[in-house]
Amino acid sequence: MTALTATAPPHHEIRALHTGTTVTVYQAYSPSLGLPAARDGRFPPAWKRDRMTWIKPSFLWMMYRCGWATKEGQETVLAVEITRAGFDWALRNAELSHYVRGVHPDLATWKRDLRHAPARVQWDPERDLHLNRLPYRSLQLGLAGEAARRYADEWTVAIRDVTPLARRIHALVRAGRNDEAARLLPEERPYPATGVAPGAE
């Protein structure tokens, strides 16, 4: 299929590297936290389990967020493999991060549900290799309270430091070798999630 005839992805769709039992999401941390997590395959005690944490199934959205691992405090990019059961639980118990007329009964109901939800869904523009916006959205999933604790201590299967991969892809992009760079990207496929509310845009 050529680029001219390819069908664009749905406007709101979860795309992720996943297996029959796991889903890979990305986060970026300072080396002082990210390197021990990758070394031990679990988040260290210093990882704050009482704070909201955002996980991203899109590698390129993570690159946009961390500036190819160059932003302060985001120099170590982690690929965190978590159980599909945990990921699905978070999606089922998530609330949209913003009010959408027609999705929520009213503003007050959304605010109440958001306060009690252990997870929240946010849809952001997906990015290409040059980190330009694409005309469809990518999922960010915020985890708080029970969800954050489960993520760190129950759902995590493996943690890998993919900073070298990020730097290699970035170097190829800067050299104009986009085809080579694209071949190194994780194979993100549509994830068969149900019950995830779309955003307004």
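Start by selecting L96 and V121: V121, in β6, is the bridge partner of L96. The model on screen is a predicted one. Now extend the selection to β5 and to β6, residues 119-127; these two strands pair in the parallel sense, over 3 bridges.

**The sheet around this pair**

Add β3 and β7 to the selection. An open sheet of 4 strands appears, in the order β3-β7-β6-β5 and with mixed pairing. At its edges are β3 (53-55) and β5 (94-96), each of which pairs on one side only. Looking along the sheet, neighbouring strands are turned by 40 degrees against each other on average, direction ignored.

Next, show helix α2, residues 59-66. Helix α2 packs on the sheet and touches β6 and β7 (133-143). The direction of α2 makes about 90 degrees with that of β6. Then show helix α4, residues 107-116, which also packs on the sheet, touching β5 and β6. Between the directions of α4 and β5 the angle is about 140 degrees.

**The cores**

Which residues touch the most other members of the largest nonpolar core? Select F43, F87, L141, L143 and Y151; these are the ones, in a core of 32 residues. To see where the core draws its members from, colour β2 (22-29), α1 (31-40), β4 (76-83), α3 (84-92), β6, β7 and α5 (146-155): each supplies at least two residues. Helix α5 gives the most, with 5 residues.

Keep Y151 selected and display its surroundings. Leaving aside neighbours within four places in sequence, Y151 is in contact with V25, Q27, F43, W47, T53, I55, V80, I82, L143 and T156. Two of these names, F43 and L143, were also in the selection made for the core.

Apart from this core lies another, of 19 residues. To find it, select Y26, L60, M63 and L172, which are among its members.

**Salt bridges**

Side chains of opposite charge can pair when their charged atoms come close. The structure holds 6 salt bridges, and three stops follow.

Go to R15 and E13. The closest N and O atoms of this salt bridge are 3.3 Å apart. Are these residues buried or exposed? Both R15 and E13 are buried.

Move on to R49 and D153, whose side chains meet in a salt bridge at 3.0 Å, N to O. This pair links distant parts of the chain: R49 sits in the loop between α1 and β3, D153 in helix α5, and they are 104 residues apart.

Finally, select E180 and R177, which form a salt bridge with closest N and O atoms 2.8 Å apart. E180 counts as partly exposed because its relative accessibility is 30%. R177, with a relative accessible area of 41%, is partly exposed as well. Before leaving this topic, add E126 to E13 and R15: salt bridges that share partners join E13, R15 and E126 into one network.

**The whole chain**

Zoom out and show everything. The protein chain has 7 helices and 9 strands. Its radius of gyration is 17 Å, close to the 17 Å that the globule rule gives for 201 residues, so the chain is as compact as a globular protein of that length. The C-alpha atoms fill a box of roughly 50 × 45 × 35 Å along the principal axes.

Colour by burial: buried residues make up 47% of the 201 residues. Among contacts between residues at least 6 apart in sequence, 75% join residues at least 24 apart.

Methods: Residues numbered from 1 in each chain as written. Predicted model: local features only at pLDDT ≥ 70, side-chain atom pairs only at ≥ 80, totals over all residues. Heavy atoms only, no water. Pairing = 2+ DSSP bridges. Axes fitted to C-alpha atoms, helices over the stretch in contact; angles between N-to-C directions. Contact = heavy atoms within 4.5 Å. Core = buried A, V, L, I, M, F, W, Y, C linked by side-chain atoms within 4.5 Å. Buried < 20%, exposed > 50% of the residue type's maximum accessible area, 1.4 Å probe, protein only. Salt bridge = Lys/Arg side-chain N within 4 Å of Asp/Glu carboxyl O. Rg over C-alpha atoms; globule rule 2.2 N^0.38 Å.
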